[in-house]
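Biologist: I'd like to learn how to read a helical model like this one. Can you take me through it feature by feature?

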Amino acid sequence: MISSQIIVIIGGLIAGTVLAAFTKKLYLIPGMLILIPGFLEMRGSIAGTLSARISSALFLKVIKPKYSRKTLLVNSNIHASMFLALAASLGLGIMAFALNYFVSGIFFPQIILVPIIAAVLSEAIETPLTIFSTFYIFKKGHDPNNIMGPVITTGVDIISMTALMVAMVVI
Amino acid sequence: MKLEPIKAARQMEKYLVKLTKIERHKHHPLLHTLHKKHNISRKTLLYIKGHTREEHMAHKIIHGSLRFILLATLISALGGLALEQVRHILIPILPLIILLPAFNNMAGDFGIIVSSRLSVMLHEKQVKKRFWESEELKKLAVQVAMISMLTAFATAVLALIIPGIVGDAVNLVTAGKVVLIAVLDAFLLVSLILIISVIAGIYVFRKKKDPNNFLIPITTSIADWANMVVLALLVIMFF
């Protein structure tokens, strides 16, 4: 319990430091603090379930721990995770826009684009990273289910926060 | 004679396709028939059933996960709304900003730890009717509260060191407030998770259902949301 917490905390603090580096920009875009917890939650859920599904397929010998374009199962998982990320980001963006408008009275539709751009950026890095780390851990003879949880949460937090900040700067 | 294996394979494929179409709540005898007749493990059959034919898999994953991911995302966003209301106080205090993602993760983790351990205790009948008298439950509460507060303390100290390194250190009073907010937030959050888990867990268990299936999604969602709300309230109180 404590060792996994240490990994999670270190990852969280690195992600926090990335966020702290952009504090001046946070003032400029209203609603960013609404987006951050939701975006991190969404990325963690997608990458976590992706890793769990790949692990199950590896243990059941449905796939080999090697990427091939012909492996339908891995490709289907990649497509599903891309779609989920984009759909959830759109939902999150709309929610942030609506809360901004109805609660704070700020009309800022560009905020819908922030999670979508960030999702595209983070998806491009996180999905291959998740798949190849799961394969690597499995090949080394470990159970990816035990290791990938804290590792994914840590990695995803740092990458997603950076992607979110890049998207914020772009907007 | 050579046609026999082909016939068997065709029959098996027919069974597998049929298997994927069965509603999940039905425990169809076909699963057992396939296991016995073709010597395919029950785990593999369950996997095939869960994931359907490969060309339909992406659709099935999206169909199964989208609503839950959306719900979890939107609940967290509602928690973020509480933070947005105190952004003018929060943003200038760098250690609190650094703490945000770490605390976001910690809340969900404590929800999972409490829920899964409580579920085991319920299954092993370690929780009495008068749950407040259960020694094991008291032990769990003390253990989780201690670990959460210690973790929060250590995280807050580290979050205070980072701005100090880049020459943006906060004064002693602010540092003390940040540590106090972190420890109080962890304590309040764990207490809330424990109360909800115990009440919901006992209720679900009495209904002869597995608490694992209900408690983890409930506690993690509440923890994510409540963490941000509690943090926002503490920030208003202390600053």
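Biologist: In what order do the elements of chain B run from the N terminus on?
Modeller: Elements come from DSSP runs, numbered from the N terminus: H or I over at least four residues makes a helix, and E over at least two makes a strand. Here chain B reads α-α-α-α-α-α-α-α-α from its N terminus, so the tally is nine helices and zero strands, going by those DSSP runs.
Biologist: And what should I know about the model and its labels?
Modeller: It's a predicted model, where local features need pLDDT of at least 70 and side-chain atom pairs count only at pLDDT 80 or more, while totals for chains, interfaces and linings use all residues. Residues are numbered from 1 along each chain as its sequence is written, and chains are lettered from A and ligands numbered from 1 in the order in which they are written.

Biologist: How do I judge burial, and how many residues of chain B are buried, as a percentage?
Modeller: Place C-beta atoms from the backbone and count the others within 10 Å: 20 or more is buried, 12 or fewer is exposed, and in between is partly exposed. In chain B, 36% of the 239 residues are buried.
Biologist: Is B:Lys177 buried or exposed?
Modeller: B:Lys177 counts as buried because it has 20 C-beta neighbours inside 10 Å. Its place is in helix α8 (residues 172-206) of chain B. A contact means C-beta atoms, placed from the backbone, within 7 Å; leaving aside neighbours within four places in sequence, B:Lys177 touches B:Phe238 and B:Phe239. B:Phe238 is 61 residues away along the chain, yet the two C-alpha atoms are separated by 6.7 Å.
Biologist: What about A:Val170, buried or exposed?
Modeller: A:Val170 has 11 C-beta neighbours inside 10 Å, so it counts as exposed. You'll find A:Val170 in helix α6 (residues 144-170) of chain A. From A:Val170 to A:Ile117 is 53 residues in sequence and 8.9 Å in space, C-alpha to C-alpha.

Biologist: What share of the contacts in chain B is long-range in sequence?
Modeller: Take contacts between residues at least 6 apart in sequence: in chain B, 74% of them join residues at least 24 apart.

Biologist: How do I read a helix pair?
Modeller: Fit axes to C-alpha atoms over the stretch in contact, and take the angle, from 0 to 180 degrees, between N-to-C directions. Under 35 degrees is roughly parallel, over 145 roughly antiparallel, 65 to 115 roughly perpendicular, and the rest oblique. Try helix α4 (residues 72-103) and helix α5 (residues 113-139) of chain A: they pack at about 155 degrees with axes 9 Å apart. That makes α4(A) roughly antiparallel to α5(A).
Biologist: And the handedness?
Modeller: If the near helix is turned clockwise from the far one by less than a right angle, the crossing is right-handed; if anticlockwise, left-handed. The α4(A) and α5(A) crossing is right-handed.

Biologist: At what angle do α4(B) and α9(B) pack?
Modeller: About 5 degrees, with their axes 8 Å apart. That makes α4(B) roughly parallel to α9(B). For residue classes, Ala, Val, Leu, Ile, Met, Phe, Trp, Tyr, Cys and Pro are nonpolar, Asp, Glu, Lys and Arg are charged, and the others, Gly among them, are polar. The contact of α4(B) with α9(B) has 10 nonpolar, six polar and one charged residues.

Biologist: Now the two chains: how many residues are in contact?
Modeller: 45 residues of chain B are in contact with 50 residues of chain A. On the chain B side, α4(B) gives the most, with 18 residues. That side divides into 28 nonpolar, 10 polar and seven charged.
Biologist: How do α4(A) and α4(B) cross?
Modeller: Their axes come within 8 Å and cross at roughly 30 degrees, and α4(A) and α4(B) are therefore roughly parallel to each other. Their contact has 21 nonpolar, six polar and no charged residues.

Biologist: What is a nonpolar core, and how many residues has the largest one?
Modeller: In soluble globular proteins, nonpolar side chains tend to be buried together. A core is a set of buried Ala, Val, Leu, Ile, Met, Phe, Trp, Tyr and Cys residues joined through C-beta atoms within 7 Å. The largest has 103 residues, and B:Leu99 is among those with the most contacts inside it. α6(B) gives the most to this core, with 16 residues.

Biologist: Last one: what is notable about phi of B:Lys125?
Modeller: Most residues other than glycine have a negative phi. Phi of B:Lys125 is near 55 degrees, a positive value. B:Lys125 lies in the loop between α6 and α7 of chain B, and is exposed, with 8 other C-beta atoms within 10 Å.
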